[in-house]
Amino acid sequence: MDIAKATRKYEAWLADHLPLVKADLTLKHRRMRDDSFSFMRGTFYRWAQLWPDVCARLVNAPRVLAVADLHIENFGTWRDTEGRLIWGVNDFDEVFTLPYTNDLVRLATSAALACETSRLAIDIDEACEAILSGYTEGVNARGQPYVLEEHHIWLRRLALTALRDPVPFWHRMDALRPARGPLSRGARRALESMLPAPGLNYRVVHRVAGLGSLGRERLVALAEWGSGRIAREAKGLAPSACTWALDKSTSEAYYEKAIASAVRVPDPFVSVRRRWIVRRLAPDCSRMELASLPKERDEAKLLYAMGWETANVHLGTRRARKQILSDLRRRPSDWLEEGARRMRTAVLEDWKQWRAI
């Protein structure tokens with residue numbers, strides 16, 4: 001099955017689980033042509049198909065509740081119940097039980113492709129070393145979340161430079177077009193469940209964001225509360241693309257289970273309401289894009305943190321720690337680099353085919 005057929009079949013399967021926005025899918029297909037990194041971000045379903053064969057020697061690793069669609073731009077910030085700034089994995093849409101090696105190879109492959117598209121300047125050997133060191137030390141230490149207050153000052157400074165200014169942020173929110181058609185009861189209940197007070201007047205707009213989930217409905221409720229602006233987003237939730245790629249019969253989504261079990265300071269404004277993921281949108285509650293980070297940065301240190309945060313997620317699987325450490329000791333030192341190089345080649349081959357369509 002080539003990339004074009006895989007895309008058609010996956011999108012037909014996805015449409016059986018939730019409504020899709022045709023215009024957003026068309027935009028996604030166009031953005032997938034831009035560069036190999038964007039293509040990888042938009043095609044996790046294809047990764048889920050290819051990875052077990054391309055990296056066959058890694059599929060026997062201990063299984064964990066994995067992020068699955070992990071990459072270097074799937075990290076962001078939020079505020080906890082104490083108002084502290086927290087950094088960690090931003091998106092759990094594709095969570096699935098997989099070998100722990102999947103997340104590490106995907107993270108390293110994304111770093112390799114980001115170097116080719118000038119998003120990073122680190123070489124693949126150093127990137128793999130940083131990711132694996134952070135992951136191994138995180139598992140050994142039983143994990144620790146990234147609270148960007150008195151600790152991790154370097155990451156706090158990095159995150160704060162990436163935080164969007166409130167004025168242009170709300171200008172962008174105001175520029176979003178109204179949602180099409182009447183709001184479904186489920187969407188309305190999902191949005192209202194996350195508003196700070198009952199009976200607030202709000203308007204609902206359509207938001208275009210992301211790449212992997214582009215095509216799913218994203219509805220944003222905009223309101224005034226306490227002399228200021230607030231926004232709540234409801235995004236369509238479906239089973240992981242792994243369910244489709246591995247031909248599994250389950251329709252369960254593991255989003256809530258993953259964020260509840262990980263070594264994590266939770267975002268109090270993230271919840272699942274039936275088939276909707278609901279969250280707060282704010283200038284400091286967002287995904288961190290590499291383009292928004294300062295050019296002067298320690299990329300190895302950032303990738304180390306991403307490896308550690310991956311360990312935080314995997315440690316949510318009971319009894320996984322000892323199994324992972326035992327498996328890591330048995331693997332050759334270059335296993336991550338080899339897996340990333342193999343998957344990089346597979347992604348590039350698909351991307352070339354996609355551009356030729």
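Two strands count as paired if DSSP finds at least two bridges between them. In this predicted model, β3 and strand β5 (residues 146–147) clear that bar with 2 bridges, in the antiparallel sense. Within this pairing, Trp87 has Tyr146 in β5 as its bridge partner.

On its other pairing, β3 teams up with β2, again antiparallel, over 5 bridges. Here Gly76 is matched with Gly88 in β3. The two strands, β2 and β3, make a hairpin with 5 residues between them, and Gly83 in the turn takes a positive phi of about 80°. β2 also pairs with β11, antiparallel once more, over 2 bridges, and there Gly76 stands opposite Arg287. Put together, these pairings give an open sheet of 4 strands in the order β5-β3-β2-β11, with antiparallel pairing. Its edge strands are β5 and β11, each of which pairs on one side only.

What about the surroundings of β3? All of strand β3 (residues 85–89) is buried, 5 residues of 5, so the strand is largely enclosed by the rest of the structure. Helix α12 (residues 299–314) lies across β2, β3 and β5, and runs at about 80° to β3.

Asn90 sits in the loop between β3 and β4 (96–99). Buried means under 20% relative accessible area, so Asn90, at 15%, counts as buried. Setting aside neighbours within four places in sequence, Asn90 touches Asn74, Phe75, Gly76, Tyr255, Arg279, Ser286 and Arg287. Two of these names have already come up: Gly76 and Arg287 are the residues that stand opposite each other across β2 and β11.

The other sheet to look at is an open one as well, with 5 strands in the order β6-β7-β8-β10-β9 and antiparallel pairing. β6 (202–206) and β9 (270–273) are the edge strands, each pairing on one side only. From one strand to the next, the twist averages 25°. Inside this sheet, β8 and β10 pair over 6 bridges in the antiparallel sense, with Ala231 bridged to Leu281 in β10. Helix α9 (residues 185–193) packs on the sheet and touches β6, β7 (218–225), β8, β9 and β10, while its direction makes about 40° with that of β10.

Now for the pockets. The largest has a volume of about 1,100 Å³. Its lining counts 49 residues, and Arg207, Ala209, Gly210, Arg287 and Glu289 lie nearest the centre. The elements that give two or more residues to this lining are α3 (36–42), β2 (75–79), α8 (166–175), β8 (228–236), α11 (255–261), β10 (276–281) and β11 (286–287). That list takes in β2 and β11, which belong to the sheet of 4 strands, as well as β8 and β10, which belong to the sheet of 5 strands. By class, the lining of the largest pocket breaks down into 18 nonpolar, 10 polar and 21 charged residues.

The second largest pocket has a volume of about 210 Å³. It is lined by 14 residues, with Ala179, Arg180, Pro182, Glu217 and Leu219 nearest its centre. The lining of the second largest pocket splits into 7 nonpolar, 3 polar and 4 charged residues.

Notes
Residues are numbered from 1 along each chain as its sequence is written. This is a predicted model: local features need pLDDT of at least 70, side-chain atom pairs count only at pLDDT 80 or more; totals for chains, interfaces and linings use all residues. Side-chain values use heavy atoms; hydrogens and water are left out. On a 1 Å grid over the protein atoms alone, a cavity is a set of points where a 1.4 Å probe fits but cannot get out, and a pocket is an open set with protein on both sides within 12 Å along at least five of seven lines; lining residues have an atom within 4 Å of a point. Grid points are joined across faces, edges and corners, and a volume is the space filled by probe spheres set on the points. Ala, Val, Leu, Ile, Met, Phe, Trp, Tyr, Cys and Pro count as nonpolar, Asp, Glu, Lys and Arg as charged, and the others, Gly among them, as polar. Axes are lines fitted to C-alpha atoms, for helices over the stretch in contact, and angles run from 0 to 180 degrees between N-to-C directions. Contact means heavy atoms within 4.5 Å. Buried means under 20% relative accessible area, exposed over 50%, partly exposed in between (1.4 Å probe, protein chains only).
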